[in-house]
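This briefing concerns the domain organisation of one protein chain, the contacts between its domains, and the regions annotated in its database record.

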Amino acid sequence: MGKNTVAIIGGGASGLVAGIVSARGGAKVTIIERMDRLGKKILATGNGRCNLTNTVLSVDHFNGENPKFSMPVLSAFDVEKTIEFFNGLGIYPRVENGYVYPYSNQASSVLDVLRQEIEQLKINVVYEEEVKEIEKKKNQFIIHTNGNKYYTNKVILCAGGNSTPNLGSNGSGFDLAKKLGHRIVSPYPALVQIKASENYLKRIKGVRVIAKLHLYIDDTLKREEVGEVLFTDYGLSGIPILQISRYIGEAINNGKKIKVLLDLIPELETEALDKILVERFTNMPYKSIEDNLIGLLNKKLIPIITHLSDIKDNQPVSQISKSQRHKLIESIKNLTFNITGTNDWNQSQVTVGGVATDEVDPNTLESKIHPNLYFAGEILDIDGDCGGYNLQWAWSSGYIAGKTIVKKTN
Ligand SMILES: Cc1cc2nc3c(=O)[nH]c(=O)nc-3n(C[C@H](O)[C@H](O)[C@H](O)COP(=O)(O)OP(=O)(O)OC[C@H]3O[C@@H](n4cnc5c(N)ncnc54)[C@H](O)[C@@H]3O)c2cc1C
């Protein structure tokens, strides 16, 4: 390595795109990867299908200290350009409700075409070397790995976050950035299942409901989501739960009270539900409350709901008072869980926090502290919602970092 060379630290989603773009522009690129192969995480994305982007792209789907930081990059390399880029590599898109997948429905296709392009461009790839330190000496960077030193004048740090360390990203990128003087916004696991203290969860594990959920932090409504929630023996899972999980780690750490309220019949307003219950109670007065609710609620949930409403399971509905009925409605529409935490890094799909964006140029992704040092992907303090947004951030930021280097070199 030497003058006009680019070292890319981390051969994941952002590093692969950054490498391709820099090499296409004429740079001599070396990717340094700590694992024995490139892009391991890509294989696990989208349940093995790789949800590579989403046609509905806006700042609302991105989070961090300053979500707007992501916009110049996402506008410069947007969904259309991303689909075009991958189409150029061979990925024909399949769009399902805005979620974009490879037509083959195989995440491995996405990794295959990226790897083929890396080979075709003769990009040098170093495997099984973890970067331990990036030393800045005058206009040069010296990259220390376990075993080697590399000299280069441009670096793109694409080492990801802390999530799923078995797939490569072990948080070491944050240490590298910190040693170079960058501020790191505290990382927490996100897009992860959440834990709750309710003992009855063990009795309803495996039950799925379509619900509207409200996340309250210290009694303030933080976020609403609708979708399928899965009860587990330790808490809650499912896409709407993953979506709200980014707020939990930090709130717990700051000693805040977190509650999730589930509306189990979101299609019906309270009055409409009351009317339906009155009808059911009138039409089937001989049934116990437990039997009467069958067909309206999941059978395993019924004893939980009646217990929370202070109604005995075997109480005939003919004896249920108006106030008991209202309590029942309250339990159905506001089933409350006290949240105690999230699952750990091994289960989380993305990392909240990372390199603070106020020290990075939003148009070029160059460090404001060290010229010729760039960041791309999850290492930055930007995390996206579930639905293709995190990969879109990785592709766009990798593309912009690579493109800027090419522009500056030529
Ligand atoms: C199970 C799962 C499913 C997901 N599904 C989706 C999905 O469908 N859609 C979506 O948009 N997002 C999805 N994501 C999130 C998405 O995969 C990541 O946000 C994205 O891969 C981040 O790209 P990255 O390049 O920043 O980091 P990574 O892909 O994590 O790559 C970082 C690379 O750097 C290497 N590395 C780290 N430290 C060092 C070091 N010190 N020296 C050398 N190499 C190093 C790692 O080994 C790794 O290869 C999913 C994540 C998971 C875990």
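In this predicted model, 3 residue pairs, both members at pLDDT 80 or more, are in polar contact across the interface of domain 1 and domain 2. On the side of domain 1 that touches domain 2, the residues divide by class into 1 nonpolar, 2 polar and 2 charged. The domain assignment places residues 5-187 together with 353-409 in domain 1, and residues 193-343 in domain 2.

**Interface between the domains**

- The centres of domain 1 and domain 2, taken over C-alpha atoms, are 40 Å apart.
- Contact involves 5 residues of domain 1 and 5 residues of domain 2.
- The size of an interface is often expressed as the accessible area that is lost when the parts come together.
- About 450 Å² is buried between domain 1 and domain 2, and carbon and sulfur atoms contribute 38% of this area.
- Within domain 1, the residues that lose the most area to domain 2 are Asn63, Asp385 and Cys386, which together account for 74% of what that side buries.

**Salt bridges**

- Side chains of opposite charge can pair when their charged atoms come close.
- The structure holds 19 salt bridges, and the count between domain 1 and domain 2 is 2.
- Arg223 and Asp385 form a salt bridge through their side chains, with an N to O distance of 3.2 Å. Asp385 is also among the domain 1 residues that lose the most area to domain 2.
- A further salt bridge joins the side chains of Glu130 and Arg34, at 2.7 Å from N to O. Glu130 lies in the loop between β7 (124-126) and β8 (131-137), and Arg34 in the loop between β2 (28-32) and α2 (40-44), so this pair ties together parts that are 96 residues apart in sequence.

**Regions annotated in UniProt**

- The unreviewed UniProt entry assigns "domain: RsdA/BaiN/AoA(So)-like Rossmann fold-like" to residues 5-403. Over this span the chain is 31% helix and 27% strand, and the end C-alpha atoms lie 14 Å apart.
- The unreviewed entry also gives "domain: RsdA/BaiN/AoA(So)-like insert" for residues 188-350. In the model, residues 188-350 are 33% helix and 28% strand, with 9 Å between the end C-alpha atoms.
- Residues 104-131 carry the UniProt annotation "coiled-coil region", again from an unreviewed entry. This span is 50% helix and 14% strand, and its end C-alpha atoms are 35 Å apart.

Definitions and conventions:
Residues numbered from 1 in each chain as written. Predicted model: local features only at pLDDT ≥ 70, side-chain atom pairs only at ≥ 80, totals over all residues. Heavy atoms only, no water. Domains from an automatic or database assignment. Contact = heavy atoms within 4.5 Å. Buried area = accessible area lost by both parts, 1.4 Å probe. Salt bridge = Lys/Arg side-chain N within 4 Å of Asp/Glu carboxyl O. Polar contact = N/O pair within 3.5 Å; in protein donor to acceptor, adjacent residues only side chain to side chain. Nonpolar A, V, L, I, M, F, W, Y, C, P; charged D, E, K, R; others polar. UniProt positions renumbered as here; feature names shortened; annotations may be inferred. Helix = DSSP H or I, 4+ residues; strand = E, 2+ residues; numbered from the N terminus.
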